[in-house]
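User: I'd like to understand the labels used for this model. Could you go through the reasoning behind them with me?

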Amino acid sequence: MAPTIYDIARVANVSKSTVSRVLNNQQNISAEAKERVLSAIKELNYHPNKLARSLSTGFDAILVISRSSATIADNPFFSEILNSISRKAEEEHFDVILQTSQSNQDEIKKCTKKIKEKMVKGIILLSSPTNEQLLQQLDIFGIPVVVIGKVTGDYTNIFSVDTDNYRDSYLQTQYLIDQGHRKIACLHSPFDYNVAIDRFGGYKDCMEANGLPLKKEWVQNSGYTIHEAYEAAKSLLQLKDRPTAVFATDDLKVISVYKAFMEENVRIPADVSVIGYSNSNLSQFLFPSLTSMEIPIRKLGETGTELLFSKIKGTGDTTPSKILLPTENIKGESVASVGEKQ
């Protein structure tokens with residue numbers, strides 16, 4: 001039979017509570033007693049039962065909350081950032097629990113259960129919903145939560161790591177305008193998440209600031225999947241008043257635009273220019289090369305996980321609650337200058 005903490009206490013001639021304090025790295029114990037306990041552990045070849053100990057101290061695990069599967073199909077962002085988070089968690093000897101939910105209430109219920117059962121010591125959200133009810137609920141429990149995305153409310157235990165999506169979209173739209181484009185379409189995602197609102201907002205405000213029209217048929221809600229974005233891109237080509245440039249607000253939409261245009265023999269950028277956001281793992285295969293804003297997906301995951309563990313350990317008191325990471329502006333060959341004939 002495997003030795004227990006009672007056996008250790010007997011061999012070390014200390015109380016069971018003293019053994020427990022040593023196993024949990026608590027400080028209120030004399031050096032002599034600690035040495036006797038450690039010696040007894042070695043003598044008995046004792047290996048603690050992690051599950052049993054977790055009932056009182058909690059599991060060494062973090063919870064990663066992803067979107068529902070319907071909104072992340074085909075999207076490499078989530079697999080890449082999850083891989084980045086997992087690597088950092090392994091360095092800290094923590095497990096990763098991945099959670100998806102069909103509704104906000106279901107998500108809150110699942111999170112509450114895991115927190116109350118001490119299954120997790122911190123949480124990472126892979127996106128920031130415009131409805132922050134989940135964040136409001138999680139803040140009450142007092143465990144650190146890091147959001148990969150924008151957080152609009154003020155919280156005690158909620159932190160965020162993001163890029164400046166509004167500014168980046170404004171700059172990309174302005175770049176098209178500076179190249180002479182006036183008819184600029186936008187393929188955007190549904191406005192369920194702050195990233196979609198900010199990226200569309202940058203485009204919209206830049207167009208308005210330059211006195212340019214936002215024609216309804218040029219602005220397309222392109223959903224979450226490649227198929228939806230592909231259909232939206234094809235619809236632009238069917239317009240009598242076709243745009244001369246397309247701003248695609250994520251890499252799935254960029255790929256869809258390239259595919260739809262190639263099938264219809266529409267040349268990029270000779271016929272229509274394309275600009276957007278990119279993931280280097282995908283954009284390197286595009287021809288012509290994409291003019292884009294490169295999102296540091298790996299850095300987002302690493303920074304978010306490092307921030308979470310600093311809060312778990314209590315070493316991140318001076319870390320800002322909201323971190324903005326820089327993006328890289330890539331000048332490819334997918335944008336052409338146009339004259340005033342528009």
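**From values to labels**

Analyst: Happy to. This is a predicted model, and strand S6 is a good place to begin: both of its faces are covered, with Ile184, Cys186 and His188 buried on one side and Ala185 and Leu187 buried on the other.

User: What makes S6 largely enclosed by the rest of the structure?

Analyst: The cut-off for buried is under 20% relative accessible area. In S6, 5 of the 5 residues are buried, so the strand is largely enclosed by the rest of the structure.

User: Which strands does S6 pair with, and how do you know that they pair?

Analyst: Pairing requires at least two bridges between two strands. S6 and S8 have 4 bridges, in the parallel sense, and Ile184 stands opposite Ala245 in S8. S6 and S7 have 3 bridges, also in the parallel sense, and here Cys186 stands opposite Val219 in S7. Both counts satisfy the cut-off, so S8 and S7 are partners of S6.

User: What makes S7 and S12 stand at the edges?

Analyst: The open sheet has 6 strands in the order S7-S6-S8-S9-S10-S12, with mixed pairing. S7 (219-221) and S12 (328-330) each have a single partner strand, so one side of each is left without a neighbour in the sheet. On average, neighbouring strands are turned by 15 degrees against each other, direction ignored.

User: How do you know that S8 and S9 pair?

Analyst: With at least two bridges needed, the 4 bridges between S8 (residues 245-248) and S9 (residues 273-278) are sufficient, and these strands run parallel. Val246 stands opposite Val274 in S9.

User: Which helices pack on the sheet, and which strands do they touch?

Analyst: Helix H10 (residues 194-209) touches S6, S7, S8 and S9, and its direction makes about 165 degrees with that of S6. Helix H12 (residues 251-263) touches S6, S8 and S9, and its direction makes about 150 degrees with that of S9.

User: Why is H1 called oblique to H3?

Analyst: Helix H1 (residues 5-12) and helix H3 (residues 31-44) pack at about 120 degrees, with their axes 9 Å apart. Roughly perpendicular covers 65 to 115 degrees and roughly antiparallel starts over 145; the angle of about 120 degrees falls in neither range, which makes H1 oblique to H3. H1 passes H3 in a right-handed crossing.

User: Which residues make that contact?

Analyst: From H1 there are Asp7, Ile8, Val11 and Ala12, and from H3 there are Arg36, Val37, Ala40, Ile41, Glu43 and Leu44. They divide into 7 nonpolar, no polar and 3 charged.

Note on methods. Residues are numbered from 1 along each chain as its sequence is written. This is a predicted model: local features need pLDDT of at least 70, side-chain atom pairs count only at pLDDT 80 or more; totals for chains, interfaces and linings use all residues. Side-chain values use heavy atoms; hydrogens and water are left out. Axes are lines fitted to C-alpha atoms, for helices over the stretch in contact, and angles run from 0 to 180 degrees between N-to-C directions. Helices (H or I, at least four residues) and strands (E, at least two) are DSSP runs, numbered from the N terminus. Angles under 35 degrees count as roughly parallel, over 145 as roughly antiparallel, 65 to 115 as roughly perpendicular and the rest as oblique. A crossing is left-handed if the near helix is turned anticlockwise from the far one by less than a right angle, and right-handed if clockwise. Contact means heavy atoms within 4.5 Å. Ala, Val, Leu, Ile, Met, Phe, Trp, Tyr, Cys and Pro count as nonpolar, Asp, Glu, Lys and Arg as charged, and the others, Gly among them, as polar. Buried means under 20% relative accessible area, exposed over 50%, partly exposed in between (1.4 Å probe, protein chains only).
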